[in-house]
Amino acid sequence: MEARTTGTRRGVEVTIRGLTKRFGQGDNRIVAADDVSLHVPAGQRVAVVGASGSGKSTLLHLIGGMERVDSGTITVGDREVTALGRRELSVYRRSVGFVFQRFHLLPALTVLDNVLAPVLPRRVEFDRTERARQLLAAVGLLDRAQAVPSQLSGGQQQRVAVARALIGDPRLILADEPTGNLDSATGREMMELVDRLVAEQGLTLLVATHDDGVAAHCDRIIRIRDGRIVDDTAR
Ligand SMILES: Nc1ncnc2c1ncn2[C@@H]1O[C@H](COP(=O)(O)OP(=O)(O)O)[C@@H](O)[C@H]1O
Ligand SMILES: [Mg+2]
């Protein structure tokens, strides 16, 4: 895929060194990340592929500060995530845009309030509602702003989740099988949308996926097996 030619490049660089994460004890011990080292330049779109249980989600959770590492370092932009204390870590987490397989929308809130939710408790330098409306327009759902998630299709709910991921002006997007609960045509539309939004701003994207169509939107494909990177291919 051609390098982007648009002017803006707001993405951050991600550098991982010797990352290890284990779960469980004794015979049940699993090494979900096994001495992973990885450098992702600012603005790169990386697909993380591998069988179920290979460690894709764990890697994204560690990068996003949702889980603590056992050893190794993760640096995102000028922040060493692995050195942050609890408070700093929660500030950092809010600076990352997450998209999950199961959308994770709040069922009682309207679409607009779901998009706003991550920035409601924060002081921000933009008009929250205006930005939420712009993002809903960008994902083609401004006319559903007052609907609740159950009134939307799966594809629409995931588009709301994408708008929500972007509300805090993230420079890094972590998407965990974002098309995993969508049919293939809807999944393709979803990835075109994510790609367009990410490319417009030159954001860094890491996307865990089983879907070759998603990987086709990326600059690079990393394959993991048993918590290790076994292949790393630039496209
Ligand atoms: N919170 C957890 N507690 C125990 N084991 C876990 C936990 N999270 C992940 N694992 C294990 O770590 C391995 C990697 O899981 P995961 O990162 O979810 O893989 P993937 O996303 O590629 O399917 C699996 O064996 C999984 O069972
Ligand atoms: Mg997973």
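In this predicted model, ligand 1 is surrounded by Phe 23, Ile 30, Ala 32 and a run of neighbours in sequence: Ala 51, Ser 52, Gly 53, Ser 54, Gly 55, Lys 56, Ser 57 and Thr 58. By residue type, this shell divides into 4 nonpolar residues, 6 polar ones and 1 charged one. Several oxygen contacts can be picked out around the ligand. A polar side-chain atom of Ser 57 lies 2.8 Å from an oxygen atom of ligand 1. The backbone contributes as well: a polar backbone atom of Gly 55 is 3.0 Å from an oxygen atom of the ligand, and a backbone N or O atom of Ser 54 lies 3.2 Å from an oxygen atom of ligand 1. On its own, ligand 1 has 560 Å² of accessible area, and the protein covers 61% of that. Two elements give two or more residues each to the shell, namely strand 2 (30–40) and helix 1 (56–63). Helix 1 supplies the largest share, with 3 residues.

From the ligand, the description can move to the strands. Strand 2 runs antiparallel to strand 1, and 7 bridges join the two. Together, strand 1 and strand 2 form a hairpin with 6 residues between them. In the turn of this hairpin, Gly 24 has a positive phi of about 80°. One of the facing pairs is formed by Lys 21 and Ala 33, the latter in strand 2.

Lys 21 itself deserves a closer look. This lysine has its place in strand 1. Is Lys 21 buried or exposed? Its relative accessibility is 9%, so Lys 21 counts as buried, the cut-off for buried being under 20%. Lys 21 can also be placed relative to Asp 35: the two residues are 14 apart in sequence, and their C-alpha atoms are 8.5 Å apart in space.

Strand 1 (residues 14–23) also pairs with strand 4 (residues 71–76); these two run antiparallel and are joined by 5 bridges. Within this pairing, Thr 20 stands opposite Ser 71 of strand 4, while Thr 15 has Thr 75 as its bridge partner in strand 4. Thr 75 leads on to the next strand, where it stands opposite Glu 80 of strand 5. Strand 4 and strand 5 (residues 79–80) pair in the antiparallel sense over 2 bridges. A hairpin is formed here too, with 2 residues between strand 4 and strand 5. Its turn holds Gly 77, which has a positive phi of about 60°.

Further along the chain, Arg 128 lies in helix 4 (residues 128–138). With a relative accessible area of 25%, Arg 128 is partly exposed, a class that lies between the 20% limit for buried and the 50% limit for exposed. Arg 128 and Pro 41 are 87 residues apart along the chain, and 30 Å separates their C-alpha atoms.

Finally, the protein chain can be viewed as a whole. The chain contains 7 helices and 10 strands. Its radius of gyration is 17 Å, close to the 18 Å that the globule rule gives for 235 residues, so the chain is as compact as a globular protein of that length. Taken along the principal axes, the C-alpha atoms fill a box of roughly 50 × 40 × 40 Å. Of the 235 residues, 48% count as buried.

Conventions. Residues numbered from 1 in each chain as written. Chains lettered and ligands numbered in written order. Predicted model: local features only at pLDDT ≥ 70, side-chain atom pairs only at ≥ 80, totals over all residues. Heavy atoms only, no water. Near = heavy atom within 4 Å. Polar contact = N/O pair within 3.5 Å; in protein donor to acceptor, adjacent residues only side chain to side chain. Areas by Shrake-Rupley, 256 points an atom, 1.4 Å probe, with all protein chains shown as cover. Helix = DSSP H or I, 4+ residues; strand = E, 2+ residues; numbered from the N terminus. Nonpolar A, V, L, I, M, F, W, Y, C, P; charged D, E, K, R; others polar. Pairing = 2+ DSSP bridges. Rg over C-alpha atoms; globule rule 2.2 N^0.38 Å. Buried < 20%, exposed > 50% of the residue type's maximum accessible area, 1.4 Å probe, protein only.
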